[in-house]
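Subject: Structure handover

Dear colleague,

Please find the structure below. My notes on what was found in it follow.

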Amino acid sequence: MGEPLIRKIMIPNRGEIAVRIARTCREMRIETVLAHAEGDASLPAIRTFDELVSLGEGGSGETYLDAGKIIDAARRVRADAIHPGYGFLSERAALAEACVDAGIVFIGPDAEAIRKMGSKADARRIMQEAGVPIVPGYDGDDQSDERLLSEGTSIGVPLLVKASAGGGGKGMKIVRDPGELPAAIDAARREAQKSFGDDHLILEKFIEEPRHVEVQILGDDRGDIIHLFERDCSIQRRHQKIVEESPAPAFSDVLRGEMCATALKVARAVSYRNAGTVEFILTSEGEFYFLEMNTRLQVEHPVTEAVLGIDLVRAQIDVAQGSPLRWKQADLQQRGHAIECRIYAEDPAEGFLPQTGTVLRYREPSGPGVRVDSGVDQGSEVTVGFDPMLSKVICWAENREACIDRLEMALESYVILGTATNLGYLRRAVGHPSFRAGEVSTRFVEQHDESLRGSFSAEAAAVAAVLSMTRRGEKKMGSTQSAAPASVWDTVGEWGR
C-alpha cells in the first residue's frame with residue numbers, strides 16, 4: 001500500500017474511548033481532533049488530542065447525536081476520517097451515510113450492515129434465513145396489542161418484552177405472570193419511544209440464568225472475515241456489563257469452535273466489514289442463541305487485545321484505508337487470561353444511582369499486566385449530563401487465577417476520591433468465591449446482592465475524610481482544593497484495602 005489515505009481523524013465522542021482511540025492514532029502518526037460538547041472536553045482529552053473542535057452547547061441530543069453538526073465540524077478541521085467510538089452515533093446508519101456523502105472515511109461498517117443489525121427484529125429474521133439459532137419469539141410487523149398479547153401467551157412465561165431498536169436495558173421488561181403482560185407492553189413501548197424514537201417491540205422466551213458470551217469479528221473490503229475468539233460478559237447490573245473476560249471461564253474448546261463459527265456465519269450474512277461483535281446467550285445446558293450484533297467497537301475490546309496481542313483500533317483504521325486483514329484465522333490464538341472492570345461514578349448501595357462531584361484525588365494502578373483506559377484525572381468534573389463510566393481497569397496474566405489476583409490488587413490500589421464509585425463493589429465481585437470458580441451468569445449480581453454490596457464502605461469514609469479535611473484546610477491555611485488532598489492522603493492511607 002502507498003501513502004496512507006487517512007492523515008487526520010476526528011472523534012465525536014468523550015471520556016476514555018476518545019482518549020484510547022487518540023493514543024493509537026498518535027502511534028500511527030495520524031493527527032487527531034476531539035469533537036466535543038461545549039465545556040465537555042476532559043483533562044486527559046485536552047492533553048491527548050492535537051486539536052479540539054466544539055459541537056456547540058447542549059446535551060447529547062444537540063451535540064454528539066447531531067450528524068449534521070458532526071459533519072460540519074469535520075469539514076471545518078479538514079478531517080479525512082471519523083471514528084465514532086461507541087455509543088452516541090456509532091451504530092446509526094445516518095452518520096455512516098453522511099460521511100460517504102461528504103467524502104469522509106467512516107471508520108466502521110457500511111450503512112447497510114448497520115441498518116440491518118440495528119433493528120433487533122430485522123436481525124432475528126436475517127439470522128433465521130442464515131440458519132443461525134435464535135431465541136424462540138415474535139418479531140413481526142403487526143404491533144397491535146391483540147397480536148402481541150396473543151404471541152406472548154403462545155410463547156409463555158417467563159417472557160422478555162424488549163425494544164427492537166434498544167440497548168442497555170432500556171425498553172426491556174421481564175414478565176413472569178401472564179397478567180403482567182399488558183402493563184409490560186405499555187411500559188416497554190413508552191421507554192422505547194422515549195429512548196430510541198421507535199416503539200417497535202419483540203417478544204422472546206426469557207432464558208433463566210444464562211451466560212452472555214460474545215465473539216469479536218473483523219472483516220475487510222476483500223470479503224475476508226475472521227473471528228478473534230470470545231468474551232464472557234455475564235456479570236451485569238441493570239442489563240449493563242461491569243466485568244468482562246477472555247477466554248470465557250468453564251468453556252470447552254468444542255463450544256468455542258461452534259460459537260465462533262456461528263459468529264462468522266452471522267458476519268457473512270451481512271457482508272460485514274471492519275470490527276464488530278456477535279452476542280449470544282448461553283444456557284446452562286450448553287445451547288446458545290444469537291442475541292444481537294454490535295456494529296462498532298465494544299467497551300470490552302481491551303480483553304481481546306490483551307489475549308491476542310493486537311490493537312483493534314489500528315486494525316479498524318487499516319481496514320478503513322483499504323488494507324487487507326493482517327492475520328489469517330490460523331495465525332490467532334488466545335494467550336493467557338484477561339479481565340476488565342468498568343469503573344462508574346455510582347452508588348451500589350443505592351441501586352447503582354449515578355453520582356456527581358469533582359475528582360479531588362486520582363491515582364491509577366500500575367504494574368506488569370495492568371492497563372487503565374481513563375477519561376478523568378484529578379480535577380475532572382463528573383456531571384449528570386452523560387454516562388457515569390469513568391474508566392476501565394484491564395489485567396492480563398498467564399492464567400485466570402493469577403489474573404484475578406492481579407485485578408484485585410489493581411482495584412485495591414486504584415484511588416478516586418471526590419465522588420462515590422463502584423470500586424469496592426468490583427473488588428468484592430472479582431474476589432467472590434463463585435466468580436473465582438467461574439460460576440457466572442447474568443443473575444450473578446442479583447444472586448450475591450448482599451455480599452457484594454457490603455456495609456458502609458471504606459471508600460465512602462475516605463471521601464468524607466477528604467471533603468472534611470479539605471474544608472478545614474481551606475479555613476485554616478487558605479489552601480486551594482487541589483492542594484488539600486496531598487496532605488489528606490497521608491491521613492487516609494491505603495483506604496481501599
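Helices (H or I, at least four residues) and strands (E, at least two) are DSSP runs, numbered from the N terminus. This is a predicted model, in which local features need pLDDT of at least 70, side-chain atom pairs count only at pLDDT 80 or more, and totals for chains, interfaces and linings use all residues. Residues are numbered from 1 along each chain as its sequence is written, and side-chain values use heavy atoms, with hydrogens and water left out.

Backbone

Most residues other than glycine have a negative phi, and most peptide bonds are trans. Some exceptions are listed here.

His 239 is in the loop between strand S11 (225–237) and S12. Its phi is near 65 degrees, a positive value in a residue other than glycine. At 40% relative accessibility, His 239 is partly exposed; buried means under 20% relative accessible area, exposed over 50%, and partly exposed in between (1.4 Å probe, protein chains only). Arg 78, which is not glycine either, also has a positive phi, near 55 degrees. Arg 78 lies in the loop between H3 and S4 and is exposed, at a relative accessible area of 70%.

Two cis peptide bonds are worth listing. One runs from Val 157 to Pro 158, with omega near 0 degrees; Pro 158 is in the loop between helix H7 (145–155) and strand S7 (159–163). Another runs from Ser 246 to Pro 247, with omega near -5 degrees, and Pro 247 is in the loop between strand S12 (240–246) and helix H9 (253–269).

Aromatic rings and charges

Rings of Phe, Tyr and Trp (its six-membered ring) pair if their centres lie within 6.5 Å; planes under 30 degrees apart count as stacked, over 60 as edge-to-face and the rest as tilted. The count by this rule is five aromatic pairs. In one of them, the ring centres of Tyr 64 and Phe 88 are 4.6 Å apart and the planes are at 20 degrees, so the pair is stacked. This pair links distant parts of the chain, 24 residues apart: Tyr 64 is in the loop between strand S3 (51–54) and helix H3 (67–76), and Phe 88 in the loop between strand S4 (81–82) and helix H4 (93–102). Tyr 64 is buried, with a relative accessible area of 0%, whereas Phe 88 is partly exposed, at 24%.

Tyr 64 also pairs with Phe 386: the centres are 5.6 Å apart and the planes at 80 degrees, so this pair is edge-to-face. Here the two residues are 322 apart along the chain, with Phe 386 in the loop between strand S21 (381–382) and strand S22 (389–397). Both Tyr 64 and Phe 386 are buried. Ring pairs thus join Tyr 64, Phe 88 and Phe 386 in a cluster.

A charge sits over a ring if NZ of Lys or CZ of Arg is within 6 Å of the ring centre and within 35 degrees of the ring normal. The charged end of Arg 237 is over the ring of Tyr 344, 4.3 Å from its centre. Arg 400 lies over the face of Phe 435, 4.6 Å from the ring centre.

One further aromatic residue, Trp 327, is in the loop between helix H11 (312–320) and strand S15 (337–344). At 18% relative accessibility, Trp 327 is buried. Its C-alpha atom is 10.0 Å from that of Asp 224, a residue 103 positions away along the chain.

Sheet

Two strands pair if DSSP finds at least two bridges between them. An open sheet is formed by four strands in the order S6-S9-S7-S8, with antiparallel pairing. Strand S6 (137–138) and strand S8 (172–175) are its edges, each pairing on one side only. S6 pairs with strand S9 (residues 201–205) over two bridges in the antiparallel sense. Tyr 138 has Leu 203 in S9 as its bridge partner.

Cavities

On a 1 Å grid over the protein atoms alone, a cavity is a set of points where a 1.4 Å probe fits but cannot get out, and lining residues have an atom within 4 Å of a point. Grid points are joined across faces, edges and corners, and a volume is the space filled by probe spheres set on the points. There are three cavities of 30 Å³ or more, and the largest has a volume of about 50 Å³. Its lining comprises 13 residues, of which Pro 84, Ile 107, Gly 108, Arg 296 and Gln 316 are the closest to the centre. By class, the lining of the largest cavity has six nonpolar, six polar and one charged residues (Ala, Val, Leu, Ile, Met, Phe, Trp, Tyr, Cys and Pro count as nonpolar, Asp, Glu, Lys and Arg as charged, and the others, Gly among them, as polar).

Regards

Note on methods: 1 Å grid on protein atoms, 1.4 Å probe; cavity = no way out; pocket = protein on both sides within 12 Å on 5 of 7 lines; lining within 4 Å.
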